[in-house]
Amino acid sequence: MSLEQQLREELSRSAEPIRSDPGGRLDEVVRTARHRRRVQRLVVASAVVAVVATGAVGLPHLDVANREVPPATSTWPPDPTGLATSVFDYHSTFRDRLTGDWATGPIPSRRVRVAIKAAGLTDADATDILKDARLWQTRMTFQLAGGPTVQTRAWDASGGPVQQIPVEDNPYTLIGPNTLVLTRRASVTQLTFTYRVQGGRLFLHFEKAQPRPLSDAATAAVIAWTAAPLRRTGS
Amino acid sequence: MSISTTLPPVAAERTPDYAVLFQREFPKVVRTVYLVVRDHGRAEELAQEAFVQLLMHWKKVSGYDRPEAWVRRVAIRLAMRSSTRERLRSVLERRAVVEPPPGEGVDLSEALGQLSAPQRAAIVLHYYEDRPVDEVADILVCSVNTVKSHLHRGRNKLRVLLGECEGDLDES
């Protein structure tokens, strides 16, 4: 007899005595399914409660890229001379890890150029900012005294004729532990950045400008601030 | 027991279908699972678990052409997982036992127990349930060639264990 035939016979013989009562089992299946469904509902309800509770205490939304940035102040347009009362005061609730001096070292200007072009701008836009600079440097000073403000300077660090973007001194506010909104006094434009502080370095990423997009030149200037991580140089 | 009052609301309207399917398929699934796991109690538990999952997905699965194929696939997968776990657990125990050399005192039933879980599942579905290879592949969620390989290696291993031919038992 072939092995295949033996297998068929052996398997049938082994399975033959196996009898089970589906009637009794059905009750148990139904009970188990009901119980699991109840547990599932409970888990979902608990998750919803947790999310609602989290929202109620104002913890940040995680999806920074896809959400509308809530106004940083209670009125729009914001007070260009300083921040009005914030909707939720992250500065006092969370430790403001930005406070202090931050600066890049002299970085090759081509790195800034690459960052500007990566943001969808042209080489000409980059040249408008960088001119003939071979090295580029940025310094940002965040301070809380007199309302949170950030002073930003960027300049040609190649030692050639000084090429410097005018110093900006603007109010900022944290709208989450990793998001800040900087309000430019000159144009009443709000610039939203996400940031990360890691290993003594500040990584900034420009997200968007409100209420209207920046000009290409202005965008290039802002991108130039964020082209490289800044190191803490003073508190 | 009135089933319509005890089922979850979602499944309630389909209760008669589910109950009919359960009565018809449960014993068959238990037998198939038994041949894979070789333990009656465990086979019933695993089959029951598969039917619980079927009931929880009944709204969707009842729309399929053959809901019984769905539950069988779940049951076989549970059986293979359980069998693999059991096999790993018994590795140390088997080391302590002096196994008879191939061909001496090993019958086909014992030899079947020494196959890997996928080989055993493929053999059960193909030789016991008379399913064509492509259907077995569908149930085991693998390719037709993989099923053919499981069947071929399984048969070879059985031949070696039964002493019908020389071979390498570690090929699985």
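**A first question**

Does A:R36 count as buried, partly exposed or exposed, and at what relative accessibility? At 28% relative accessibility, A:R36 counts as partly exposed, because the middle class lies between the 20% limit for buried and the 50% limit for exposed. Keep in mind as you look around that this is a predicted model.

A:R36 is a good place to start, since its side chain meets that of B:E49 in a salt bridge (2.7 Å, N to O). B:E49 sits in helix α4 of chain B and A:R36 in helix α2 (residues 22-56) of chain A, so this pair joins two chains. B:E49 also counts as partly exposed, because its relative accessibility is 22%.

**Chain B at a glance**

Let us step back to chain B as a whole. Its secondary structure comes to 11 helices and 0 strands. If you follow chain B from the N terminus, the elements therefore read α-α-α-α-α-α-α-α-α-α-α, each helix being numbered in that order.

Chain B has 172 residues, and 48% of them count as buried. Among the contacts in chain B with a separation of 6 or more, 62% are between residues 24 or more positions apart.

**Where the two chains meet**

Now for the interface. On it, 39 residues of chain B are in contact with 28 residues of chain A. The two chains bury about 3400 Å² between them, and 67% of this area is on carbon and sulfur atoms. On the chain B side, B:Q48, B:M56 and B:Y127 lose the most area to chain A, together 19% of what that side buries.

Charged and polar pairs are found here too. Between chain B and chain A the count is 4 salt bridges, and 7 residue pairs are in polar contact, with both residues at pLDDT 80 or more. The elements of chain B that give two or more residues to the side touching chain A are α1 (3-6), α2 (9-12), α3 (15-37), α4 (40-56), α8 (108-113), α9 (117-128) and α11 (144-161). Of these, α3(B) gives the most, with 10 residues. By type, the residues on this side of chain B divide into 26 nonpolar, 6 polar and 7 charged. Besides the pair you met at the start, the side chains of A:R8 and B:D130 meet in a salt bridge (3.4 Å, N to O).

**The nonpolar cores**

In soluble globular proteins, nonpolar side chains tend to be buried together. Here, the largest nonpolar core has 61 residues, and B:Y18, B:F51, B:L54, B:I123 and B:L158 touch the most other members. The largest share of this core, 12 residues, comes from α3(B).

B:L158 is worth a closer look. Leaving aside its neighbours within four places in sequence, B:L158 is in contact with A:L3 and A:L7 from chain A, and with B:L108, B:A111, B:L112, B:L115 and B:I123 from chain B. Apart from this core lies another one, of 37 residues, among them A:I129, A:A209, A:V222 and A:I223.

**Salt bridges and their partners**

Side chains of opposite charge can pair when their charged atoms come close. Over all chains, the whole structure holds 16 salt bridges. One of them links the side chains of B:E25 and B:R72 (2.9 Å, N to O). B:E25 lies in helix α3 of chain B and B:R72 in helix α6 (residues 67-89) of chain B, so the pair ties together parts that are 47 residues apart in sequence. Both B:E25 and B:R72 are buried.

Another salt bridge joins the side chains of B:E135 and B:R131 (2.6 Å, N to O). B:E135 counts as partly exposed at 26% relative accessibility, whereas B:R131 counts as buried at 14%. Through shared partners, salt bridges join B:R24, B:E25, B:K28, B:R72, B:E129, B:R131 and B:E135 into one network.

**A buried threonine in α3**

Finally, turn to B:T32, which lies in helix α3 of chain B. B:T32 counts as buried because its relative accessibility is 2%. Not counting residues up to four places away in sequence, B:T32 touches B:R72, B:I76, B:V124, B:L125, B:Y128 and B:E129. Two of these neighbours, B:R72 and B:E129, also belong to the salt-bridge network described above.

Key
Residues are numbered from 1 along each chain as its sequence is written. Chains are lettered from A and ligands numbered from 1 in the order in which they are written. This is a predicted model: local features need pLDDT of at least 70, side-chain atom pairs count only at pLDDT 80 or more; totals for chains, interfaces and linings use all residues. Side-chain values use heavy atoms; hydrogens and water are left out. Contact means heavy atoms within 4.5 Å. Buried area is the accessible area (1.4 Å probe) that two parts lose on being put together, summed over both. A polar contact is a pair of N or O atoms within 3.5 Å; within protein, one must be able to donate a hydrogen and the other to accept it, and residues adjacent in sequence count only if both atoms are side-chain atoms. Helices (H or I, at least four residues) and strands (E, at least two) are DSSP runs, numbered from the N terminus. Ala, Val, Leu, Ile, Met, Phe, Trp, Tyr, Cys and Pro count as nonpolar, Asp, Glu, Lys and Arg as charged, and the others, Gly among them, as polar. A nonpolar core is a set of buried Ala, Val, Leu, Ile, Met, Phe, Trp, Tyr and Cys residues joined through side-chain atoms within 4.5 Å. Buried means under 20% relative accessible area, exposed over 50%, partly exposed in between (1.4 Å probe, protein chains only).
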